[in-house]
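I opened the notebook to look up how the aromatic rings sit in this chain. The entries follow the order of looking.

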Amino acid sequence: MKTRLGALALFGSITLTTLTGCSMDDAKDSDSLPSAGTSTSREAVETTKKVSSELYDLIGIKGEASNSGAGVTECGNKDPDTYFQIFHPWSFTPASADQLDGVMERLKEELPKHGWKVVEYGPNTSKNKSMQLTADNDKKKHSVKITHFAKGKTPSLNLMVVSGCYQVPDGEKVDRF
């Protein structure tokens, strides 16, 4: 269990570095993370889960989403007792594999209609050249990376939703879970 959580934390930190700050307007440079405002960790998790739910609706296919929880991580070099980010990895498996045909192209078209800016789209560097899409939502201060695993026994979409950098309210500390 500890190995799995450690791997998830490493994956999350690498993904967070890759995703956040891509083009969210208030990021000063590529090394800074955009501010998502002031919030407690638990409230920020609920906000990120809501963003994930909206993305689920945009997929527009019947299927099943994994029931993975969101996590709390540090914001770059900022004080870890005061600043944090939320990450929410989850996957989507359609009722039938052929339902995913064309889903990435459709998401590339639909996401901008809902405030998302697609900043990366195309095959990744894996052996299978899985299609990947990265998008930022400046208003919601969240980013998403969606990977379509078309090959294999169970085709699916994997999503990693990450927030900008939150600051806890005065007098509080980051609640890590």
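**Rings and a charge**

I looked first for a charge over a ring: K78 lies over the face of Y83, 4.9 Å from the ring centre. The rule I used asks for NZ of Lys or CZ of Arg within 6 Å of the ring centre and within 35 degrees of the ring normal.

I note that this is a predicted model, where local features need pLDDT of at least 70 and side-chain atom pairs count only at pLDDT 80 or more, while totals for chains, interfaces and linings use all residues. Residues are numbered from 1 along each chain as its sequence is written, and side-chain values use heavy atoms, with hydrogens and water left out.

Next I looked up ring pairs. Rings of Phe, Tyr and Trp (its six-membered ring) pair if their centres lie within 6.5 Å; planes under 30 degrees apart are stacked, over 60 edge-to-face, the rest tilted. By this rule I have 3 aromatic pairs.

Y56 and W90 have ring centres 6.3 Å apart and planes at 45°, so I entered the pair as tilted. Y56 is in helix 2 (residues 41-59) and W90 in strand 4 (residues 83-94), so the pair ties together parts 34 residues apart in sequence. Helices (H or I, at least four residues) and strands (E, at least two) are DSSP runs, numbered from the N terminus.

Y56 and F92 have ring centres 5.7 Å apart and planes at 70°, so this pair is edge-to-face. Y56, W90 and F92 form one aromatic cluster.

Which of these rings are buried or exposed? I took buried as under 20% relative accessible area, exposed as over 50%, and partly exposed as in between (1.4 Å probe, protein chains only). Y56 is partly exposed at 27%, W90 is buried at 6%, and F92 is buried at 0%.
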